[in-house]
Amino acid sequence: MVSWEASFIYLSEKQKTMKGSGLSPGIATGKALIIRRKEPVSAVRYLENEEQKSDEIKSFDLAVEAAVNEIRKIIEVCGSNFRPDDISILETQTEFIADSQLRNDVADCISKDNMTAVSAVRKVTGEMAKTFGEMNDEYLRARVTDIQDAGNRIVRYLLRGEEYTVPVKNRDTILVAEDITPTEALTLDSKLICGILTAEGGRTSHAAIIARSRGIPAVGGCGPEIMSIPDNETVIIDGTSGEVLINPSSKTIKEYEKRKKDFDSNAEMLRQLRDKPAITKDGTAVALYGNISSFKEIENLTECGGEGVGLLRTELFFMTSEDFPAEEEQFEFYLQAAIAAGKKPVIIRTLDIGGDKQLPYFSFPAESNPFLGYRAIRISLDRQELFLTQVMAILRASMYGNLKIMLPMISGINELREAKEIINIAKSRLAASGKRFRENIETGIMLEIPSAAMMTGLLAREADFFSIGTNDLCQYTMAVDRMNSKVAGLYDHFNPGFLRLVATAVEQAHQHGKPVGMCGEMASDPLAVPLLIGMGLREFSMPAASIPVVKQIINSCSAGSCEKMWKKVMRMDKQEDIRLFLKNEMK
Amino acid sequence: MIKADYVIIDPLGMHARPATALLKLSRNYKSVVTIQKAGKSVPVKSMINILGLAVKAGDTVTIITEGEDEQAAALAMEHFFTVEMKNF
């Protein structure tokens, strides 16, 4: 007993953990292979006459040419196995090698300081790497490896050295290195390598990009200590959390095996779903968008398969500012969203404050019914300068992407007309000051007040698109405050009256040829999705994490049977029956 | 000499891939192309110099083209910064 305990303590002492940053998600367990790069060595000497100098410059030019040709050859020979992104990484590397500034500086060192080409390349690339290493930008700091790689390649040719290849022989190898150069990373055999662990490197290093594109888990930024891991030691890396376990106990190995399984099956599901369109079995295409509060969420939204932003709320941005953000500040925010989304649409909802959302720097008058009072578009039309500033910023940013304006809390045609009038004023102000903007930006409205939903057809003459906000629409239709637990039970989007209101809005919008989507919670309720398809809804917007689930539901149902389902539901008079019916249909 | 301002629309800024494309493009013209940010200006000839400007998303750069084919070069630059930059 005692000896067992002693050995257990011994083992657990041996297990060591380190923390780096996750570069490429996933879990890998394997044997460490430490890559220690041998720097080509050369004796330091100085040049004595002009002839030697011009010879050195000539050999530098030849070495550059040879190094560039080598990369061209890699592209030519292995090109068909590479992704387009990988090839452009290699092409970029040729620009570093044949860089004109590098050549000027090297030639200067040779002719003015009497240095050999090798010493000159080392000195110049060392200084350039140092400058980039001190830059205040992760991406640019990561370019240090590119510059060093370029320098090493030139030096190798100057010394007629051998190209260094990574000697991987066994399966389940975890590569451990200071850093991985772009050309090394591209020639790695991903059948043998299950993980990459580096002392340096950030998320934008080539090693990280290539690891992510190949699905190899990677952890970077662990510090030089990892170079003292013995060869063949068992190592676990978690590319999501950045955790590294060296010589783990068998219990830990088992635990991570399970985590790896869970991660892999979830990632596989997401991967398979991400690039698949949301389409019913009988061929009806459905668009799935995301609800977000910041441009920072767009990357994750795309990962989850979002086809655009169905709702960019601007409240959070305003709530976290010190004061009403100025036009420039807002422009920057919307510009980032336009840029991050690329060609995908981004629907920006203008400021929706009031109700339960307050701004620290704006005092709202005391009201007995804030949800029925001074909020959203009502504030925008009252404080027109605030609205103008927001619209001008959106209009300017719309030059850089597919932005649309959406107005919250519209109850009738007058508010829509007034808001559009202000948008026109914003356009003429921008034109007068010579600022560029998109003339034909689409302007749509939220359907979240019952009167507006009922008159969707009338509003459709002047609105470019609609988005049904079920959270507010539901509480206004049933006159229930869902924050009040005594009455919250009445709040149910399967209320037959509410369902009819939604169906009316969808039908009227389509009759007028105007797109209509839904951005409330109902859009991601698995029970509601088939019913909404049955009503004719074809655009859903929801939190990014819900997209894969909703996509699976859409892919497994047919629009025809959804329509029949909706017809049956139309005959039911209470929400409980409808829920039960839908639950049975889902089975 | 033709001067024009562009806002950088790539989320990573002027990173290595667009810089590579810009270098390739400018080699098609005899004109000297210069890129300028916040008073610092470098010729579009060296990857290291372009990256060294640390041009970020949302930054404004000034592109100056000068030479016998500056009209054509300026047009190509306009296309590059307003259209092609979206595709990196």
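## Helices, buried residues and backbone turns in a two-chain model

In helix H18 of chain A, the residues Thr470, Asp472, Leu473, Cys474, Gln475 and Tyr476 are buried. The structure described here is a predicted model, and this helix is a good place to begin reading it. Helix H18(A) spans residues 470-477, and because six of its eight residues are buried, the helix is largely enclosed by the rest of the structure. What do the buried residues of H18(A) pack against? Their partners in chain A are strand E13 (443-447), helix H16 (450-454), strand E14 (466-468), helix H19 (496-511) and strand E15 (516-518). Just after H18(A) comes A:Ala479, whose phi is positive, at about 50 degrees.

Further along chain A, a pair of helices can be followed in some detail. Helix H20 (residues 528-535) and helix H21 (residues 547-556) of chain A pack with their axes 10 Å apart and at an angle of about 55 degrees, which means that H20(A) is oblique to H21(A). The crossing of H20(A) and H21(A) is right-handed. On the side of H20(A), the residues involved are A:Val529, A:Pro530 and A:Ile533, and these meet A:Val550, A:Ile553 and A:Ile554 in H21(A). Sorted by class, the contact of H20(A) with H21(A) has six nonpolar residues, with no polar and no charged ones.

A charged side chain offers another view of chain A. Is A:Glu315 buried or exposed? With a relative accessible area of 3%, A:Glu315 is buried, because a residue counts as buried when this value is under 20%. A:Glu315 lies in helix H11 (residues 315-319) of chain A, and its side chain makes a polar contact with the side chain of A:Lys357, at 3.5 Å. If neighbours within four places in sequence are left aside, A:Glu315 is in contact with A:Arg349, A:Thr350, A:Leu351, A:Asp352, A:Ile353 and A:Lys357.

Chain B has 88 residues, of which buried residues make up 55%. Chain B holds three helices and four strands, and from the N terminus on these elements run in the order β-α-β-β-α-β-α. Among the contacts in chain B with a separation of 6 or more, 74% are between residues 24 or more positions apart. One example of residues distant in sequence is the pair B:Gly67 and B:Met1, which are 66 residues apart along the chain, while their C-alpha atoms are separated by 7.1 Å. B:Gly67 has its place in the loop between strand E4 (60-66) and helix H3 (70-82) of chain B, where it is partly exposed, with a relative accessible area of 31%.

Most residues other than glycine have a negative phi. The table sets out two residues with a positive phi, one from each chain.

| Residue | Phi | Loop | Relative accessibility |
|---|---|---|---|
| A:Met409 | about 60 degrees | between strand E12 (402-407) and helix H15 (413-432) of chain A | 0%, buried |
| B:Ala38 | near 45 degrees | between strand E2 (32-37) and strand E3 (40-43) of chain B | 75%, exposed |

A:Met409 has its positive phi although it is not a glycine, and B:Ala38 is likewise a residue other than glycine with a positive value. As for their surroundings, A:Met409 counts as buried, whereas B:Ala38 counts as exposed.

Note on methods: Residues are numbered from 1 along each chain as its sequence is written. Chains are lettered from A and ligands numbered from 1 in the order in which they are written. This is a predicted model: local features need pLDDT of at least 70, side-chain atom pairs count only at pLDDT 80 or more; totals for chains, interfaces and linings use all residues. Side-chain values use heavy atoms; hydrogens and water are left out. Axes are lines fitted to C-alpha atoms, for helices over the stretch in contact, and angles run from 0 to 180 degrees between N-to-C directions. Angles under 35 degrees count as roughly parallel, over 145 as roughly antiparallel, 65 to 115 as roughly perpendicular and the rest as oblique. A crossing is left-handed if the near helix is turned anticlockwise from the far one by less than a right angle, and right-handed if clockwise. Contact means heavy atoms within 4.5 Å. Ala, Val, Leu, Ile, Met, Phe, Trp, Tyr, Cys and Pro count as nonpolar, Asp, Glu, Lys and Arg as charged, and the others, Gly among them, as polar. Buried means under 20% relative accessible area, exposed over 50%, partly exposed in between (1.4 Å probe, protein chains only). A polar contact is a pair of N or O atoms within 3.5 Å; within protein, one must be able to donate a hydrogen and the other to accept it, and residues adjacent in sequence count only if both atoms are side-chain atoms.
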